[in-house]
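Biologist: I'd like to learn how to read a model like this one, feature by feature. Can you walk me through it?

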Amino acid sequence: MAGMMNKLKKLDVYPKISEDFYRRTLSGGIITLVSSVVMFLLFFSELRLYLHAVTETKLVVDTSRGETLRINFDITFPALSCSILSVDAMDVSGEQHLDVKHDIIKKRLDAHGNVIESRQDGIGAPKIEKPLQKHGGRLEHNEKYCGSCYGAEVAVDDCCNSCEDVREAYRKKGWGLSNPNLIDQCKREGFLQRIKDEEGEGCNIYGSLEVNKVAGNFHFAPGKSFQQSDVHVHDLLAFQKDSFNLSHKINRLAFGDYFPGAMNPLDSVQWTQEQPSGMSQYFIKVVPTVYTDANGHTIQSNQFSVMEHFKGTETGPLQSIPAVYFFYDLSPIKVTFTEQHVSFLHFLTNVCAIVGGVFTVSEMLDSSIYCGQKVFKKMEIGKLG
């Protein structure tokens with residue numbers, strides 16, 4: 001047993017030196033203090049990295065197909081009333097969503113930006129006794145109401161029971177509604193009076209659009225939109241105005257859900273119209289983004305960059321459409337963010353490297369200073385001799 005212990009002692013690579021041979025110096029004490037502080041700081045830096053997740057970023061080709069893109073928006077028009085403001089969306093595949101109302105809320109604002117009323121999109125129709133029937137007579141007792149579409153009926157039994165129904169039927173036909181007072185439904189509902197009552201007000205419109213994941217645009221404009229000879233136009237005759245103030249503030253615009261670190265460059269952007277009329281345009285490059293947290297939860301979202309441009313009335317064939325356009329295109333590259341925690345073994349390895357590295361460097365520095373001091377003393381003794 002004693003022989004075995006002696007053999008183990010011979011394997012010791014850390015031979016001990018008797019304390020009688022130790023010599024402590026001032027420089028060694030200073031180096032020990034400095035190296036201890038350095039080790040302490042590096043250790044806590046490594047501990048912080050270990051306790052907090054790190055994010056790994058990768059770029060991959062986006063091969064997704066047939067997906068949809070959710071656009072969340074919140075925009076304030078301080079000089080455009082809610083009654084005349086509409087939202088359209090269209091893409092390069094030919095799909096169009098005209099005068100979108102689903103998942104959209106409008107807030108009427110006074111001149112000071114205070115909320116007057118919050119409502120689902122659409123003016124609405126009050127109940128009026130004995131409206132004009134499709135056959136020309138007034139509604140009789142127990143008779144079901146069926147209003148005329150004024151030539152815009154698609155089928156014989158089509159009915160337009162509100163001003164909005166008539167405007168929608170005209171839109172589908174590609175017609176403009178020049179004088180709403182000639183339409184019984186609009187006259188009963190006070191369509192023009194409602195617009196006059198809201199004149200001078202602003203509108204905060206917010207909600208979301210679900211569109212195909214292809215290049216396209218969505219825009220905010222006065223009037224109901226329709227297609228006329230394959231050209232997208234807006235019916236502005238009913239509002240009897242020559243110009244519209246499209247000054248606006250983008251409170252929020254995001255393509256997809258929020259994820260940690262997301263930056264939306266158009267948030268809180270404000271634009272003031274200085275010309276009588278024109279188109280405010282935003283050209284957006286959307287980059288698909290996937291964020292995966294440390295727990296494995298994945299968020300499918302997007303980032304984007306943007307360039308702004310204003311198109312005045314003196315340029316181009318679309319001079320008659322005052323609107324705020326958002327043109328978006330998708331990047332073929334997808335960015336993936338993966339949140340990861342450093343393993344304990346990696347943390348332990350780094351701690352050992354810190355301790356060993358600082359100790360070795362300190363020992364080399366102390367040896368160099370000690371040897372330098374000895375050489376200096378010998379040189380002084382030689383000069384005195």
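Modeller: Let's go from the overall picture to strands, cores, salt bridges and two loop residues. Keep in mind that this is a predicted model.

Biologist: Fine. What does the secondary structure of the protein come to?

Modeller: Start with the inventory: there are 6 helices and 16 strands. Next, check how much is covered: of the 385 residues, 38% count as buried. The protein exposes about 23200 Å², and 57% of that is supplied by carbon and sulfur atoms.

Biologist: And what share of the contacts comes from residues 24 or more positions apart?

Modeller: Among contacts with a separation of 6 or more, such residues account for 73%.

Biologist: Let's take one strand. Is strand 7 mostly covered or mostly open?

Modeller: Mostly covered. Strand 7 spans residues 202–212, and 8 of its 11 residues are buried.

Biologist: Which way do strand 2 and strand 7 run, and how many bridges join them?

Modeller: For any strand, look for its partners and then for the register. Strand 2 (residues 68–77) runs antiparallel to strand 7, with 10 bridges between them. To fix the register, find T68, which stands opposite N212 in strand 7. Strand 5 (residues 104–109) also pairs with strand 7 in the antiparallel sense, over 6 bridges. There, K107 has N204 of strand 7 as its bridge partner.

Biologist: Now the cores. What's the general idea?

Modeller: In soluble globular proteins, nonpolar side chains tend to be buried together. In this model, the largest nonpolar core has 48 residues, and the members touching the most others are L209, F218, F220, L253, F255, I284 and F326. Strand 2 gives this core its largest share, 5 residues.

Biologist: Which residues is L209 in contact with, leaving aside neighbours within four places in sequence?

Modeller: L209 contacts L69, R70, I71, F73, V87, A89, V100, I104 and F218. Another core lies apart from the largest one; it has 6 residues, among them F259, Y291, I299 and F337.

Biologist: On to charges. How should I read salt bridges?

Modeller: Side chains of opposite charge can pair when their charged atoms come close. By the rule used here, the count comes to 7 salt bridges.

Biologist: Where in the chain are D62 and K213, and how far apart are they in sequence?

Modeller: Distance first: the side chains of D62 and K213 meet in a salt bridge at 3.8 Å, N to O. This pair links distant parts of the chain, with D62 in the loop between strand 1 (54–61) and strand 2, and K213 in the loop between strand 7 and strand 8 (216–222), 151 residues apart. D62 and K213 are both buried. Follow the charges further and you find a network of salt bridges linking D62, E67, K213 and K334.

Biologist: Are D329 and K285 buried or partly exposed?

Modeller: The salt bridge between D329 and K285 is 3.4 Å, N to O. D329 sits in strand 15 (residues 323–330) and K285 in strand 13 (residues 278–292), so the pair links distant parts of the chain, 44 residues apart. As for cover, D329 counts as partly exposed because its relative accessibility is 33%, and K285 counts as partly exposed at 35%.

Biologist: What about E56 and K58?

Modeller: Their side chains also meet in a salt bridge, at 3.9 Å, N to O. E56 is partly exposed at 33% relative accessibility, and K58 is partly exposed with a relative accessible area of 45%.

Biologist: Now a loop residue. What does D267 touch, not counting residues up to four places away in sequence?

Modeller: With a loop residue, place it, then list its contacts. D267 lies in the loop between strand 11 (248–255) and strand 12 (269–271), and it touches I250, N251, R252 and L253. A polar atom of the D267 side chain lies 3.0 Å from the backbone nitrogen of L253. D267 is partly exposed, with a relative accessible area of 30%.

Biologist: And is S81 buried or exposed?

Modeller: Buried: S81 has a relative accessible area of 8%, and the cut-off for buried is under 20%. S81 is in the loop between strand 2 and strand 3 (85–91). Not counting residues up to four places away in sequence, S81 touches E198, E201, G202 and C203.

How values were computed:
Residues are numbered from 1 along each chain as its sequence is written. This is a predicted model: local features need pLDDT of at least 70, side-chain atom pairs count only at pLDDT 80 or more; totals for chains, interfaces and linings use all residues. Side-chain values use heavy atoms; hydrogens and water are left out. Buried means under 20% relative accessible area, exposed over 50%, partly exposed in between (1.4 Å probe, protein chains only). Helices (H or I, at least four residues) and strands (E, at least two) are DSSP runs, numbered from the N terminus. Two strands pair if DSSP finds at least two bridges between them. Contact means heavy atoms within 4.5 Å. Accessible areas come from the Shrake-Rupley method with a 1.4 Å probe; for residues, only the protein chains shown count as cover. A salt bridge is a side-chain nitrogen of Lys or Arg within 4 Å of a carboxyl oxygen of Asp or Glu. A polar contact is a pair of N or O atoms within 3.5 Å; within protein, one must be able to donate a hydrogen and the other to accept it, and residues adjacent in sequence count only if both atoms are side-chain atoms. A nonpolar core is a set of buried Ala, Val, Leu, Ile, Met, Phe, Trp, Tyr and Cys residues joined through side-chain atoms within 4.5 Å.
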